[in-house]
Amino acid sequence: AHEIGHLILHEEIFNQNGEFYDEYDSYFDNDDQVVDGISRMERQSNIFASLFLLPELPLLNYVEEICNEYDIRNRGHGMLYLDNQNCNLTNFNLVTSKIMNQFGVSRWATELRLKHVGILIDNRKKPNRIMG
């Protein structure tokens with residue numbers, strides 16, 4: 001699906017060496033990441049694959065089943081809130097693993113799609129980088 005995304009989204013780049021921008025870029029921008037043309041195309045293809053392989057309604061229905069089965073509830077921070085607490089990491093891994101198995105997708109595609117549909121709120125703290 002990722003490679004099909006390149007064929008569909010980036011045909012004009014390969015044929016005309018032009019720039020391509022997709023509206024979904026803004027959903028997944030990372031403030032501390034500099035995005036050049038190649039990494040932008042890779043992100044666009046990843047997003048395409050997650051949209052294609054994880055259709056919204058079947059995904060939402062399946063997430064609801066999982067959350068009901070394991071008593072995962074929205075406690076005011078979103079259905080699937082992710083930070084560095086073990087309980088939230090456990091819920092994240094449980095839900096994403098079940099989705100990965102059900103839909104045959106990677107954890108990365110699952111995470112992208114869950115963020116896009118508003119189910120996953122990711123507030124994990126990133127390790128401090130030492131510059132030098």
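What follows is a walk through the fold, the core and a few side-chain pairings of this predicted model.

Starting with the overall layout, the protein has six helices and two strands. Going along the sequence, these come in the order α-α-α-α-β-α-α-β. Of its 132 residues, 33% are buried. Among contacts with a separation of 6 or more, 63% are between residues 24 or more positions apart. As for confidence, the average pLDDT of the protein is 82, and 76% of the residues score at least 70. Residues 23-28 are a stretch to treat separately: pLDDT there is below 50, although the stretch has 13 contacts in the model beyond near neighbours in sequence.

Next comes the inside of the protein. The largest nonpolar core holds 18 residues, and those that touch the most other members are Leu-59, Val-63, Leu-80, Ile-99 and Leu-114. Two or more residues of this core come from each of α4 (56-69), β1 (80-82), α5 and α6 (107-116). Helix α4 is the biggest contributor, giving five residues. Ile-99 shows how these pieces meet. Once its neighbours within four places in sequence are set aside, Ile-99 still contacts Leu-54, Leu-59, Tyr-62, Val-63, Ile-66, Gly-104, Val-105, Thr-110 and Leu-114. Leu-59, Val-63 and Leu-114 appear in that contact list, and they are also among the core residues that touch the most other members.

Helix α6 has a run of buried residues, namely Ala-109, Thr-110, Glu-111, Leu-112, Arg-113 and Leu-114. Two of these, Thr-110 and Leu-114, are contacts of Ile-99. After α6 comes Gly-118, with a positive phi near 85 degrees.

The part of the chain around there also meets α4, by way of Leu-60. This leucine sits in helix α4 and counts as partly exposed, because its relative accessible area is 29%, between the 20% and 50% cut-offs. Leaving out neighbours within four places in sequence, Leu-60 contacts Val-117 and Ile-119. Leu-60 and Val-117 are 57 residues apart in sequence, yet their C-alpha atoms are 8.4 Å apart in space.

Helix α5 (residues 86-103) also carries Asn-88. At a relative accessible area of 14%, Asn-88 is buried, since the cut-off is under 20%. Not counting residues up to four places away in sequence, Asn-88 touches Tyr-81, Leu-82 and Asp-83.

On to the aromatics, where the count comes to two pairs. In the one formed by Phe-48 and Phe-52, the ring centres are 5.9 Å apart and the planes are at 5 degrees, so the rings are stacked. Both residues belong to helix α3 (residues 37-53) and are four residues apart, about one turn of the helix. Their surroundings are not alike: Phe-48 is buried, with a relative accessible area of 19%, whereas Phe-52 is exposed at 54%. The other pair, Tyr-62 with Phe-103, has its ring centres 6.1 Å apart and its planes at 75 degrees, so it is edge-to-face. This pair ties together distant parts of the chain, with Tyr-62 in helix α4 and Phe-103 in helix α5, 41 residues apart. Tyr-62 is buried at 15% relative accessibility, while Phe-103 is partly exposed at 22%. Tyr-62 is also one of the residues that Ile-99 contacts.

A charged side chain meets a ring as well: Arg-124 lies over the face of Phe-92, at 5.5 Å from the ring centre.

Finally, there is a histidine pairing at the start of the chain. His-6 is in helix α1 (residues 2-9) and is buried, at 9% relative accessibility. The side chains of His-6 and His-2 are joined by a polar contact of 3.1 Å.

Definitions and conventions
Residues are numbered from 1 along each chain as its sequence is written. This is a predicted model: local features need pLDDT of at least 70, side-chain atom pairs count only at pLDDT 80 or more; totals for chains, interfaces and linings use all residues. Side-chain values use heavy atoms; hydrogens and water are left out. Buried means under 20% relative accessible area, exposed over 50%, partly exposed in between (1.4 Å probe, protein chains only). Contact means heavy atoms within 4.5 Å. A nonpolar core is a set of buried Ala, Val, Leu, Ile, Met, Phe, Trp, Tyr and Cys residues joined through side-chain atoms within 4.5 Å. pLDDT is the predictor's confidence in each residue, from 0 to 100. Rings of Phe, Tyr and Trp (its six-membered ring) pair if their centres lie within 6.5 Å; planes under 30 degrees apart count as stacked, over 60 as edge-to-face and the rest as tilted. A charge sits over a ring if NZ of Lys or CZ of Arg is within 6 Å of the ring centre and within 35 degrees of the ring normal. A polar contact is a pair of N or O atoms within 3.5 Å; within protein, one must be able to donate a hydrogen and the other to accept it, and residues adjacent in sequence count only if both atoms are side-chain atoms.
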